[in-house]
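Please open the structure in the viewer and keep the sequence panel visible. The tour proceeds by selection, one element at a time.

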Amino acid sequence: MATGLLAAALLVAAPFIAPTETGVTGAFLCGLALGWAMLAVLSVRFTDQPQRWAAAPALFMALSGLLLVALGSSVHEVLTWVWPPALLALVIWLLVRAHRQLRSPSRRWLLYPVIAVLALASISGGYETVRAAAAAKAPMPGQLIDVGGHRLHLNCTGSGSPTVVLEPGAGGTSSDLGWITPAVARDTRVCVYDRAGRGWSEPADTPQDGTQIATDLHTLLHRGQVPGPYVLAGHSYGGLYALTFAARYPDEVAGMVLVDSTAPASAAKPRATPSGDGGSYDLMGRVSTLVSTSARFGLHRLVGFQTASDVRSTIDEYVQTNSSVEQAASLRNFADKPVVVLTAGSGGAADWSAKQDALATLSTDSVHRVIEGTDHATLIEDGKGAAATTRAIFDVVSSVQSARPLAR
């Protein structure tokens, strides 16, 4: 059993295994299969209690693992439905065989706990599959639009120009902006969307750094027939993506609201490692994939995530932090376009306010407001903070509409 776990860990880390959910999961199952196979072979050869039944879980896991490694996503969705009931049936059979054929105490302190874990995995995995299927059938506001290999969820309400585009923070979804979206829609058109793998949006095969997110958003807005100019409002990490979008498409951005935004590299401490460290990213990619795969068994609910895809995309978002903060720093001059920088009154690091001041220097028409009585989350999650954020958006929209500077 210990050899199986070690083999599983080594296979997951092996460079010839793709750092994808199917590759990592398949490699892990193949490693566990080796452990069961050793139990069957060695107990027959060296003990008076042969456990030939252990060949069954070895074959089951090896076959599942090889299919995932070889065929990838084409069999993944099928196995999410087939694997849980098949594993549960196997667990019951294993329990009966172990009880009949293994007389040593190891049955109680080793095999029974392993079998119990497998039973729990089958039940929780089946539940998550059914729950995800039910959630997919829930009514979705807005539409799904193909942006090149995957579809993103976009929902626009209200009318008028400029259009406000909202960016939630790290791990966030369009529903996190439920206080702000309807309030802004009363004054102008507002669009919310879910980044890849989040909310109603489909996962993407490529790493989602700031540049990729901005590119996908640009494609989404144009294919969704949402013309500019845009006022971008980004909370936390969403501020990084707003800055990157404005740097890449300056003619389409009329103003910005940066809501307790993460600072770009120019205002943050220098990176400890150089950009593009492929070995480091590959290791982090494998670890993040293994962690996110555990969400298939419901572990994500312990930390408040809704789906396995949410976990995976959020981990990838943090893995891409270094790239995203560097890409956001490419916006060095926003000319005289209106910018409101909002900072929470409490909860920030000692140098947080200075970094927010630096963001306000991007434009000659900017205002930096500290909202007392709020923290990083409540700027979008409760009445007082959301009202301050909405007011800042209105101020920028009004400045764009009237072609006048922001009121000080």
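The model shown is predicted. Begin by selecting residues 151-157, strand β2, together with residues 190-194, strand β4; these two strands pair in the antiparallel sense over five bridges. Within this pair, select C156: its bridge partner in β4 is C191.

**The sheet**

Next, extend the selection to the whole sheet. It is open and consists of eight strands, ordered β1-β2-β4-β3-β5-β6-β7-β8, with mixed pairing. At its edges, select β1 (143-146) and β8 (366-371), each of which pairs on one side only. On average, neighbouring strands of this sheet are turned by 25 degrees against each other, direction ignored.

**Helices on the sheet**

Select residues 210-223 to display helix α7. This helix lies across β1, β2, β3 (163-167), β4 and β5 (230-235), and it runs at about 55 degrees to β2. Then select helix α12, residues 352-360, which packs on the sheet and touches β6 (253-259), β7 (339-344) and β8. The direction of α12 makes about 175 degrees with that of β7.

**The nonpolar cores**

Now display side chains and select F245 and M256. Of the 36 residues in the largest nonpolar core, these two touch the most other members. Helix α8 (residues 237-248) supplies the largest share of this core, seven residues. Which residues are in contact with F245, leaving aside its neighbours within four places in sequence? They are A214, L217, H218, L221, Y230, L232 and V253. Another core, of 26 residues, lies apart from the largest one; to locate it, select L177, I180, A233 and V367, which are among its members.

**Helix α10**

Move to residues 308-319, helix α10, and select its end C-alpha atoms. They are 17 Å apart; at 1.5 Å a residue, the twelve residues of this helix should span 16 Å, so the two values agree. Which residues of α10 are buried? Select A308, S309, D310, V311, S313, T314, D316 and E317 to see them.

**The whole chain**

Finally, clear the selection and view the entire chain. Its secondary structure comes to 14 helices and eight strands, and its C-alpha trace spans about 90 × 45 × 40 Å along the principal axes. Of the 408 residues in the chain, 48% are buried. Among contacts with a separation of 6 or more, 76% are between residues 24 or more positions apart. With the surface displayed, the accessible area of the chain is about 19,100 Å², and 63% of this belongs to carbon and sulfur atoms.

Technical notes:
Residues numbered from 1 in each chain as written. Predicted model: local features only at pLDDT ≥ 70, side-chain atom pairs only at ≥ 80, totals over all residues. Heavy atoms only, no water. Pairing = 2+ DSSP bridges. Helix = DSSP H or I, 4+ residues; strand = E, 2+ residues; numbered from the N terminus. Axes fitted to C-alpha atoms, helices over the stretch in contact; angles between N-to-C directions. Contact = heavy atoms within 4.5 Å. Core = buried A, V, L, I, M, F, W, Y, C linked by side-chain atoms within 4.5 Å. Buried < 20%, exposed > 50% of the residue type's maximum accessible area, 1.4 Å probe, protein only. Expected span 1.5 Å × (residues − 1). Areas by Shrake-Rupley, 256 points an atom, 1.4 Å probe, with all protein chains shown as cover.
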